[in-house]
Amino acid sequence: MGYPHPSHPKETVVLSEYFGDADARTYAGWVKRGGYEALRTALAMEPQAVIDTVKAAGLRGRGGAGFPAGVKWDFMPKQKSKAHYLCCNADESEPGTFKDREIMRWTPHALIEGCAIAAHAIRAETVFIYIRGEFTEPIRVMQAALDEAYKEGVLGKSAMGTGVPIDIYIHRGAGAYICGEETALMNSIEGKRGNPRIRPPFPAAYGVFGMPTTINNVETLTSALHIIKRGSDWYKGLSLSNPKSTGTKLMSVCGNVVRPGNYEITMGFPMKELIYDLCGGVHDGRTLKAVIPGGSSVPVLTKEEAEACLMDYEGVVEAGSMLGSGGMIVFDDSADMVYQMMRIAKFYAHESCAQCTQCREGTAWTVRILEKILSGKGEMGDLDLLLDVGEQMTGKTICVLADSCAAPVGSAIKKFPEEFEAYIKGARSPAGVFA
Amino acid sequence: MAEQQLVTCSIDGIEVSVPKGTSVLEAAKQAGVLVPHYCYHPGLPVAGVCRMCLVEIEGIPKLQIGCATQVADGQAIRVNTSDEAQRARKGVLEFLLINHPLDCPICDQAGECELQNYVFQEGQASTRYSPTYAKRFDPVEDFGGDILYVPNRCILCTRCVRFMEHAADDTILNVSERGDRAFIGIHPDRELDHPWAGNVVDLCPVGSLLSKDFLHKARAWELDRTPSVCVGCAQGCNVNLDTRGHAVVRVRPRPNLEVNQYFMCDHGRTTYRLMNHGDRLEAPLVRETGELVAVDWDHALARAAQIVKGATGKAVLVGSASASNEALFLARRMLDGFELTAAVHVPSVGDDVPLAGVPDLALRSERVPNARGAAALGYSDDFDGALRAVAGANLVVVLDGDLDGVTPEALEQAGNVILIGTVLPDVARVARVVLPSTNVAEEDGTFVNRDGRVQRYLQAKPSPGMARPAWWILGELGMELGGGEPIGNAEEAFAELARSVAAFDGLSYGKLGVGGAVLAAATAAGVRS
Amino acid sequence: MHDTTAHGPVFTGERRTRLDEILARYPTKQAGLLPALWMAQEAHGWISDAAMAEVAEVLELTPAYVKGVVTFYTMYHRHPVGKYFIQVCTTTPCNICGAEGVVEAFLRETGCGELGATSDDSRYTVIEVECLGACGFATPVMINDDFIEGVTPENVPDVLKRYA
């Protein structure tokens, strides 16, 4: 549901059913709502059967990459020779994305349940939920739920009395976007700088503490619980169009819309309806200008592209961007695309871990060129330079942070060249602090 | 040992077979192709961060880093024949120069700077970074010990951090901050004075970490580089002596995986100072009416031969564990007919100071380079015994030996004293003949390290005055005494040694090559070969 | 609450016990670094070199290593901050909803004047932060551990009433 707004009839409410329902936060409340049935079912299944069910459901990673979750679980060694770990990625830091926060705030036991199911599937005894440091409230809520789950015997040496040991701990981040990258997250758990690691080795072979590890996003793990509960056919059947994108997706919609919030839609839902019907469109007197559909790291869509876009992994790619984490930033005609691209670039420059040359230097350089344009000192050549610098930042580094800076900026230059040119040609006065 | 599995790939069209698991970068070296790189160093764990070594591999859509990618059988890898890889490297170079000052004219690294070299080789002629932006600026920081950190020049390759963490096992450096604000930080209450810390200066690919000792002393292009062996201890680290004119200005490690990998200790780095000492013997001296007077070599050698010939019975050879095998051998052979006491002094200082992360590498407590060679050539380490024997000897030959503890009276009593050395100690002023010899930087020769590895060192600078290598002096003396073939160079002296001493059997300068070879006895004892 | 003067050891008594409990979750002591640093900051309000040295000792790390990690994570304060540490999100989604106006309002109302500075009465420090992860509730603001949604320039004075 579009928390903090009431559910819209066009939503398909699965994960967000209890958003805003404080009673669902407690163990008793969760059980009353059918909670922990899925975990009980899963624990009675062979781990491989759990994996196969999730695989059959076609659940894809909700953190941004969209990799099939069941396939990822299947990479884990079947013969357990050392400790296995599950890391739940709750570092939700991609500008525009705020769905995992609501899952944790309102349905902490759903996440615990999802984690425990996945832990059983991959034979992990220990789960770390890595929550970004700024999420003080979700951390409090999750910790209270964990304490309850231990007290009720859901977790511990014998999860739900089945003899399967499952421990779940919260590991609090401390202010670093890049820790949402899975290998950086593992380094951060290990007490290191959150530097992404070079791959191979992949986490399933050599993950956190050098042990086989799977990392899944909060929404992915929570979705798994519903798949176990209601079956893979049901989940697959939720897709409106594309068999490769199944189930529901929480879309965080923010920016210049009347009702920003988290909307749960089935894969294949039209973006136009999401913006205009569910979110109430842009404010009176304004018109839609652009949408960044998958968190700030993906290319910008124009109004036309956005309105024609179907929201699933393939559909958004077809429209010229990516579904990413499902964080939609909506810009109306009051938005200054040049200034906002500078803000996005500044974000990435601030968050670059400093390892790779292209990222460390390229993100900062991108900011400077954009600031130069904003201050009215830009030259036409700066636009080509930005695109070229962006190309040098794409596909050449350990992780995709540099790419994430280049993609929105490059797309904005291509799709809204007149806004950049207006600054360069003096048709627009220097903006904000650059005036 | 099991056969190593080989994989064959091609690099810029050059086919090469390498052991399975070899990185693209190392395989390319085998093919004679240098993949430009900064963060990679064969002696350190792979970081994969500079992104300079991006190469194109057929069948893989994205460029891959050569340092962390293992070659696979049948792969076609393109380094210099790939436009995309070259463009990516150009990009990295441009990015690195954004914040790097163009202060090459005052930078010690200029001329041996990997940033300068690669930019010159394949970078862009000019930057597109607008001059209106300020470059990052941080003041120079004294890291303590011998090391200065110039953050403005730092390209954050992290070699220094990895060296201190993994090789030295003393994590006192870090990467601090993030993004383009990052720099190399140091422990707030410590100095970079680890006994092996000097390696970070060598490892730094740019002029960001500098040696205070070498600061502004010379430009890299003025230096001549000569392979040598460190005389600081018995480890036998392979080194290069960098000389400008007639002075050695620094000692730096030369890779030898069997001995020192890529490193040397800070004590070893200071040894160049001894090589430049001013108070040298520059002319042969003979005693005439109570005074030592300078003469020519013919005169001096004739006098020395006369003394040796005239003596019989007990002789003492006061050797040096810093003398070459060639000299030690010839001196020993010259005195074969005597009732001989031959010994060297092996000074011991404290405990070994290991480089923790590298097996079998330490600054050894035995602070001489050739104790093992001297032992193999029949010199005892009962140096005190030899000194005591001086008083009752009929002939004393001092081969650059340490005479501390010998009284002038004892030498006086011995009477027939011949000194071959680089300096004339006061106590040896009673010698009959003094023959000036060269030091390690001024001659060719070999040492045997503590593990029995025989290693060559080469002449790096001219000798002062009339000083000659000890092997030459002893060869000439041998001629005077018994004829035979003259010894024209150190290689011939070594050949003679190898023919005569079983432990050296089969060895020659050719066989020693640049990496050395292990003594027969040492091999038998299970020492690494 | 933000003690910047009496810097006794962090890991004694109850805190030591709590740290030991946390360490038991991980196979390495090093993994306790982020939690230990949080505890140090909780104790003193910021993380001094002395605190880093203590953390290093407790976890068998070096102070240089610890400092490298501390400087990576922006939530660890390396200097004393005001009693109320105010973080305003100004990244794109909030920015287009007027976050920069919220920053100005906080700077004005707290008397801090400029970003990163602490007000003369040591009560407030205001900084801009990158995305706080509550983009649908623009503008989110963190004051110490409190997370406040929907802050506008107009309601800043009201918000501040709770942090006097």
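**Exercise 1. Determine which residues of helix α8 of chain B are buried, and what they pack against.**

*Solution.* In α8(B), the residues B:A300, B:L301, B:R303, B:A304, B:A305 and B:V308 are buried, where buried stands for 20 or more other C-beta atoms within 10 Å of the residue's own, exposed for 12 or fewer and partly exposed for what lies in between, with C-beta atoms placed from the backbone. The model is a predicted one, in which local features need pLDDT of at least 70 and side-chain atom pairs count only at pLDDT 80 or more, while totals for chains, interfaces and linings use all residues. Residues are numbered from 1 along each chain as its sequence is written, and chains are lettered from A and ligands numbered from 1 in the order in which they are written.

As a next step, take the extent of the helix: α8(B) covers residues 297-310, has 14 residues and reaches 20 Å from its first C-alpha to its last, close to the 20 Å expected at 1.5 Å a residue, the expected span being 1.5 Å times one less than the number of residues. Helices (H or I, at least four residues) and strands (E, at least two) are DSSP runs, numbered from the N terminus.

Finally, the buried residues of α8(B) pack against β14 (285-288), α9 (325-334), β20 (395-399), β21 (417-421), β22 (433-436) and α13 (470-482) of chain B; two residues are in contact if their C-beta atoms, placed from the backbone, lie within 7 Å.

**Exercise 2. Place B:P425 in chain B and explain why B:P425 counts as partly exposed.**

*Solution.* B:P425 belongs to the loop that joins β21 and β22 of chain B. Because B:P425 has 15 C-beta neighbours inside 10 Å, this residue counts as partly exposed. As for its distance from another part of the chain, the C-alpha atoms of B:P425 and B:V55, 370 residues apart along the chain, are separated by 61 Å.

**Exercise 3. Work out the strand order of the open sheet of 4 strands in chain C, and describe the surroundings of strand β1.**

*Solution.* The 4 strands follow the order β2-β1-β3-β4 (chain C) with mixed pairing, two strands being paired if DSSP finds at least two bridges between them. At the edges stand β2 and β4 (146-148) of chain C, each of which pairs on one side only, and the twist averages 20° from one strand to the next.

Now turn to β1(C), residues 84-89, which is mostly covered, with 6 of its 6 residues buried. From this strand C:Y84, C:I86 and C:V88 point one way, whereas C:F85, C:Q87 and C:C89 point the other way.

With β2(C), residues 124-129, the pairing of β1(C) is parallel over 6 bridges, and there C:F85 has C:T125 as its bridge partner, while C:Q87 has C:I127. With β3(C), residues 141-143, the pairing is antiparallel over 3 bridges, and C:Q87 stands opposite C:M142.

**Exercise 4. Identify the edge strands of the open sheet of 5 strands in chain B, and locate helix α2 against this sheet.**

*Solution.* The order is β2-β1-β5-β3-β4 (chain B), and the pairing is mixed. Because β2 (14-19) and β4 (64-65) of chain B each have a single partner strand, they stand at the edges, and one side of each is left without a neighbour in the sheet. Inside the sheet, β3(B), residues 54-57, and β5(B), residues 76-78, pair in the antiparallel sense over 2 bridges, and B:E56 has B:R78 as its bridge partner.

Helix α2(B) lies across β3 and β5 of chain B and runs at about 165° to β3(B); axes are lines fitted to C-alpha atoms, for helices over the stretch in contact, and angles run from 0 to 180 degrees between N-to-C directions.

**Exercise 5. Characterise the contact of chain B with chain A.**

*Solution.* The contact takes 26 residues from chain B and 26 residues from chain A. On the side of chain B that touches chain A, α2(B), residues 83-98, gives the most, with 6 residues. By class, this side of chain B divides into 15 nonpolar, 6 polar and 5 charged residues, where Ala, Val, Leu, Ile, Met, Phe, Trp, Tyr, Cys and Pro count as nonpolar, Asp, Glu, Lys and Arg as charged, and the others, Gly among them, as polar.
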